[in-house]
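I opened the model today to look up a few places in the fold. My notes follow, entry by entry.

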Amino acid sequence: MSTIAHLKSPIDYFIEMRTYLIAFTSLLFLLAIVHRNSGAQPFSSDKKLIEPGSATNLLVIDLTKAYQTIHSFGASDCWTAKFAGNWKDEKKKNAIADLLFSTEKLADGSPKGIGLSLWRFNIGAGSAEQGPASGIPDDYRREECFLGADASYNWRKQRGAQWFAGAAKKRGVKYLLAFTNSPPVRFTKNGFSYGLSDNNFNCKEDKYAAFASFLVAVCKHFNATNIPFDYISPVNEPQWKWGERPAQEGTGATNEQTARLIKILGPKLQAAGLTTRITAGEAARVNFLTDSNALIGNQLNDFFNPASSHYIGAVPNTAPVMSYHSYFSTCPDSVLLATRSAVNEKRKQVDPRIQLWQSEFGVLGDICGNLNGGPRNTDIRYGLYVAKVIHTDLVVAGVSSFQWWLAINPYNYSDGLVYINAPDGSIHPGKSKEDGMVSSSKQLWCMGNYSRFIRPGMQRISAAFSGPADCLVSAYKNVGSSELVMVVANNSAIRQQLQLQFSPGVNSKSLDSYTTDATQDMQHAVVSASDVVVAPMSVTTFVTKYKK
């Protein structure tokens, strides 16, 4: 589970990635052209907010040309829900939940929150019960386990996380996904929730079935409550050697070990009468789905090619989903484009029915000298960077789900959506456990320009844009409601005037717009369809109706 980048030696990863991807340089020109024609141009996020003029550009929306169907936009409860969910101040807890989950609108028509449609619930392995002896120094990163040392289950554990899962369902979040970073410590080889010094799965050879039974028991319990789990993700970021620097729950796993666990878990879920579906992958970097590493890479082929000995496509209760994490592959733009293009092409080769999910992302490490994970930054440059990655994952990789990592962040770091400070306003995680001050970020609102309006079941459609390379446009339609959504991330230093052209025609003479920039958070306005302007350094969503 990727958290703050410096805990995972990002310098080594950046060097490796840049070396690995130097071969893509010659493809940049071609990829940029392809990317531009799909409305997915690269751009940088280090421009100053100036407005010398405006430009008029043609935007052609072809509603007859559809791509992937959107599944969801989500975020994870790690690491702070365990504490914030137990705050006594219900108003503050609900304020956090509203920012993340609400689809309600304020009096002026602006959204109250970003309307996530998926929530990730971390099933703990028991490091919290071990305390400092767990080897994990930060107690935010220790998790309780429902399974006790005496083999009994205690469903009062993880109360704070359960509160947020309930708050998500209460506000209409469609999907809950449970994920694990490690088997319960009573099943691990080293007696801890952090992995070994190699890529092997930290689970005793005779405890795979017991671990699977534990996951089934958790799903069975919660599926009988008001927070049922639609999905279960049993292995996370298996490519890292989690024992080298213990900082959180986590374990490596080879492809063979992951497949072995899933082949045990699937039939057990089916036998229990559960509809919870397994999602595989959670690759630590996007290229692990496509590279030639036979042990921990090439996961698309290994898991979904019927000729592979690790094929899981026929395992009961297994969703046709492969997920990856977008860390360490977002800059420079040549890397961002090449990796996403490669994974989409690989998916089509292996099985075009497979959905790609981007299941973890946050602002981590050094972003090519332009941005950085630390210290905490929440301004519009960071929001625009988030929008660029979301856009590219949607348009170039063709993901059907985009999921964030730290939904609630107490740290002096930039990988959160909602932030909590200590009651005195200081950034101090230790003082934020029982109470705190709640604030939003441009990361939150710029993601909301996508998540709040692109709802489950909508289809991405063609959006051909004649404008500059640093203005990204994508479009989506809801077949049932005839709603049309266009999202424009304008990193340009000037206003962009849009001349809209639809095929077939659109009746509406006006559009609802929702703008996030340096001073606005999805601010609502009604604009004329013949006078559509996008502010500089902003993300704006336009919503209207179309003819069926």
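**Hairpin**

I began with strands S18 and S19. S18 covers residues 510-516 and S19 covers residues 523-528; the two run antiparallel, and six bridges join them. I looked up the partner of Ser-510 and found Ser-528 of S19 opposite. Six residues lie between the strands of this hairpin. Met-522 caught my eye there, with a positive phi near 50°. I keep in mind that most residues other than glycine have a negative phi.

**Whole chain**

I note that the model is predicted. I then took stock of the chain. It has 548 residues, and 60% of them count as buried. Its secondary structure comes to twelve helices and 21 strands. I also checked how far contacts reach along the sequence. Among those between residues at least 6 apart, 75% join residues at least 24 apart.

**Helices H11 and H12**

How do H11 and H12 pack, and at what angle? I read an angle of about 35°, with the axes 7 Å apart. H11 is residues 380-397 and H12 is residues 442-451. The crossing is right-handed.

Next I listed who meets whom. From H11 come Ile-380, Tyr-382, Gly-383, Leu-384, Val-386, Ala-387, Ile-390, His-391 and Leu-394. From H12 come Lys-442, Gln-443, Cys-446, Met-447 and Tyr-450. I sorted the residues of this contact into ten nonpolar, three polar and one charged.

I stayed with H12 and asked about its cover. Ten of its ten residues are buried. That list includes Lys-442 and Gln-443, as well as Trp-445 and Asn-449. At the start of H12, I found a side-chain oxygen of Ser-441 within 3.4 Å of the backbone nitrogen of Gln-443.

**Gln-239**

I moved to a loop residue. Gln-239 lies between strand S5 (231-233) and helix H8 (255-271). Is Gln-239 buried or exposed? Its relative accessibility is 4%, so I count Gln-239 as buried.

I then looked for polar partners of its side chain. A polar atom of the Gln-239 side chain lies 3.0 Å from the backbone nitrogen of Ala-284. The side chain of Gln-299 makes a polar contact with that of Gln-239, at 3.3 Å. Leaving aside neighbours within four places in sequence, I listed the contacts of Gln-239 as Asn-199, Ala-283, Ala-284, Phe-288, Ile-296 and Gln-299.

**Tyr-546**

I went on to the segment after strand S21 (538-545), where Tyr-546 is found. Why does Tyr-546 count as buried? Its relative accessibility is 11%, and buried means under 20%.

I checked one partner by distance. Tyr-546 and Lys-477 are 69 residues apart in sequence, yet 8.6 Å apart in space, C-alpha to C-alpha. Lys-477 is also on the list of residues that Tyr-546 touches, not counting those up to four places away in sequence. The others on that list are Leu-63, Asn-478, Val-479, Ser-482, Glu-483, Leu-484 and Val-506. With Asn-478 I noted a specific approach: the Tyr-546 side chain reaches its backbone oxygen at 3.3 Å.

**Cis peptide bonds**

Most peptide bonds are trans. I wrote down two cis bonds. One joins Cys-78 and Trp-79, with omega about -15°. Trp-79 lies in strand S2, residues 72-79. The other runs from Gly-374 to Pro-375, with omega near 0°. I placed Pro-375 in the loop between strand S10 (371-372) and H11.

**Positive phi in loops**

I closed with two backbone entries. Ala-151 has a positive phi near 75°. Ala-151 is in the loop between helix H5 (127-130) and helix H6 (159-170). At 43% relative accessibility, I put Ala-151 down as partly exposed.

Cys-368 has a positive phi near 50°. I found Cys-368 in the loop between strand S9 (366-367) and S10. Its relative accessibility is 29%, so Cys-368 counts as partly exposed.

How values were computed. Residues numbered from 1 in each chain as written. Predicted model: local features only at pLDDT ≥ 70, side-chain atom pairs only at ≥ 80, totals over all residues. Heavy atoms only, no water. Axes fitted to C-alpha atoms, helices over the stretch in contact; angles between N-to-C directions. Helix = DSSP H or I, 4+ residues; strand = E, 2+ residues; numbered from the N terminus. Left-handed = near helix turned anticlockwise from the far one by under 90°. Contact = heavy atoms within 4.5 Å. Nonpolar A, V, L, I, M, F, W, Y, C, P; charged D, E, K, R; others polar. Pairing = 2+ DSSP bridges. Buried < 20%, exposed > 50% of the residue type's maximum accessible area, 1.4 Å probe, protein only. Polar contact = N/O pair within 3.5 Å; in protein donor to acceptor, adjacent residues only side chain to side chain.
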